[in-house]
Amino acid sequence: MANKSIDHAFTARSLTSAATDPTYAGALSFMRRKYTKTLKGADAVVWGIPFDAAVSNRPGARFGPQAIRRASAIFDNDPQYPFARDLFEAMAVIDYGDCLLDYGNHQKTPATIEREAAKILKSGAFLLSLGGDHFVTWPLLKAHAAIHGPLALVQFDAHQDTWFDDGRRIDHGSFVGRAVRDGVIDPSRSIQVGIRTHAPEDCGIRIVYGHEVEDMSAADIASTILDHVGDMACYVTFDIDCLDPAFAPGTGTPVAGGPSSAKMLSVLQKLGGLDIKGADIVEVAPAYDHADITAIAGASVAMHYLGLLAERRSRR
């Protein structure tokens, strides 16, 4: 027991140290990373955005960050599969906690998220955000684009989220169309994967529909994404409802006919050639989950983002 730790989220002496907490105990930060509001020295920041007032169907994604953190405890000890490395051996990652939002004044939410995200990004750290419903990606995109310019959007989703709005709505189904109209993303280099619904317009974005995903290998899907985005700076957003409800029942707007978690994680693992500037995982709603199936999938997506970042850093 001398070499074991407990509550590593608070007791860690280094941002790059491995945790050895029992998976069933200890403070539940994301992958046991140190909880801190100090950005100095951090290569990557995990940040929760507990907001779900923009949903069009079932609420509950405000509890997504908690659920993802809880599920991530299974990853904290061993070398992380499939990256075959301790992701934190040479990469300093912190858990920045959650964004403080006024539940009674949702019109202030976008600016609050954008302002806090900008503060984190100013430190130079990579920002991995845990939603929350998919509306939170809108202010996150704005914060990233303010630094990097218009971005390619790589979106894993069952929905296009291109419905028109007036620029003021708090709506998780229209942020992509708004981002195109406002020049935050470049539609000609953006791509949506897993779409299983129809919206009035595609905004010029490349779509890989659910039935196409079913007929393609993970390598083919990854190759399609890499070829389309090329070397453009990009933001990756993963709506957990991209997965079939069999693999992600805990979400607000599930759509049958989607891919498995195994297939989509395999796709993510093959995206190391992308210039990813930021990423999120959204729409995990644990009240509709069973045995943490959805939370585990969401935590796995988030871990894969960090795995890609660790691999990229190792190639420098």
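Contact, in the legends that follow, means heavy atoms within 4.5 Å. The model shown is predicted, so that local features need pLDDT of at least 70 and side-chain atom pairs count only at pLDDT 80 or more, while totals for chains, interfaces and linings use all residues. Residues are numbered from 1 along each chain as its sequence is written, and side-chain values use heavy atoms, with hydrogens and water left out.

**View 1. Helix α7 packs against helix α8 at an angle of about 45 degrees.** Helices are DSSP runs of H or I with at least four residues, strands are runs of E with at least two, and both are numbered from the N terminus. The axes of α7 (residues 218-229) and α8 are 8 Å apart, where axes are lines fitted to C-alpha atoms, for helices over the stretch in contact, and angles run from 0 to 180 degrees between N-to-C directions. The angle makes α7 oblique to α8; angles under 35 degrees count as roughly parallel, over 145 as roughly antiparallel, 65 to 115 as roughly perpendicular and the rest as oblique. On the α7 side the contact involves Ala218, Ile221, Ala222 and Ile225, which meet Lys263, Met264, Ser266 and Val267 of α8. By class these residues divide into 6 nonpolar, 1 polar and 1 charged, with Ala, Val, Leu, Ile, Met, Phe, Trp, Tyr, Cys and Pro counted as nonpolar, Asp, Glu, Lys and Arg as charged, and the others, Gly among them, as polar.

**View 2. Helix α8 also packs against helix α9.** The axes of α8 (residues 261-269) and α9 (residues 293-314) come within 9 Å and cross at roughly 15 degrees, an angle that makes α8 roughly parallel to α9. Leu265, Leu268 and Gln269 of α8 make the contact with Ser300, Val301, His304, Tyr305 and Leu308 of α9. This contact of α8 with α9 comprises 5 nonpolar and 3 polar residues, and no charged ones.

**View 3. Strand β3 lies between β1 and β2 in an open sheet of 9 strands.** The strand order is β1-β3-β2-β4-β9-β8-β5-β6-β7, and the pairing is parallel; two strands pair if DSSP finds at least two bridges between them. The edge strands, β1 and β7 (206-209), each pair on one side only. Of the 6 residues of β3 (residues 93-98), 5 are buried, so the strand is largely enclosed by the rest of the structure; here buried means under 20% relative accessible area, exposed over 50% and partly exposed in between, with a 1.4 Å probe and protein chains only. Strand β1 (residues 34-35) pairs with β3 over 2 bridges in the parallel sense, and lysine 34 has isoleucine 94 of β3 as its bridge partner. The parallel pairing of β2 (residues 44-49) with β3 runs over 4 bridges, and isoleucine 94 is the bridge partner of valine 45 as well.

**View 4. Helices α2 and α4 pack on the sheet.** Helix α2 touches β1, β2, β3, β4 and β9, and its direction makes about 110 degrees with that of β4. Helix α4 touches β2, β4, β5 (152-156), β8 (233-239) and β9, and its direction makes about 170 degrees with that of β9.

**View 5. Proline 110 is placed in helix α3 (residues 109-122).** With 15% relative accessibility, proline 110 counts as buried. Leaving aside neighbours within four places in sequence, proline 110 is in contact with Phe135, Pro139 and Ile170. Phenylalanine 135 is 25 residues away from proline 110 in sequence, while their C-alpha atoms are 8.6 Å apart in space.

**View 6. Loops carry two cis peptide bonds and two residues with positive phi.** Most residues other than glycine have a negative phi, and most peptide bonds are trans. Tyrosine 81 and proline 82 are joined by a cis peptide bond with omega of about 5 degrees, and proline 82 is placed in the loop between α2 (64-71) and β3. The loop between α2 and β3 also holds alanine 84, whose phi is positive, near 55 degrees, and which counts as exposed at 69% relative accessibility. Another cis peptide bond joins glycine 131 and glycine 132, with omega of about 15 degrees; glycine 132 is found in the loop between β4 (126-131) and α4 (137-148). Aspartate 292 has a positive phi of about 60 degrees, lies in the loop between β9 (275-282) and α9, and counts as partly exposed at 27% relative accessibility.
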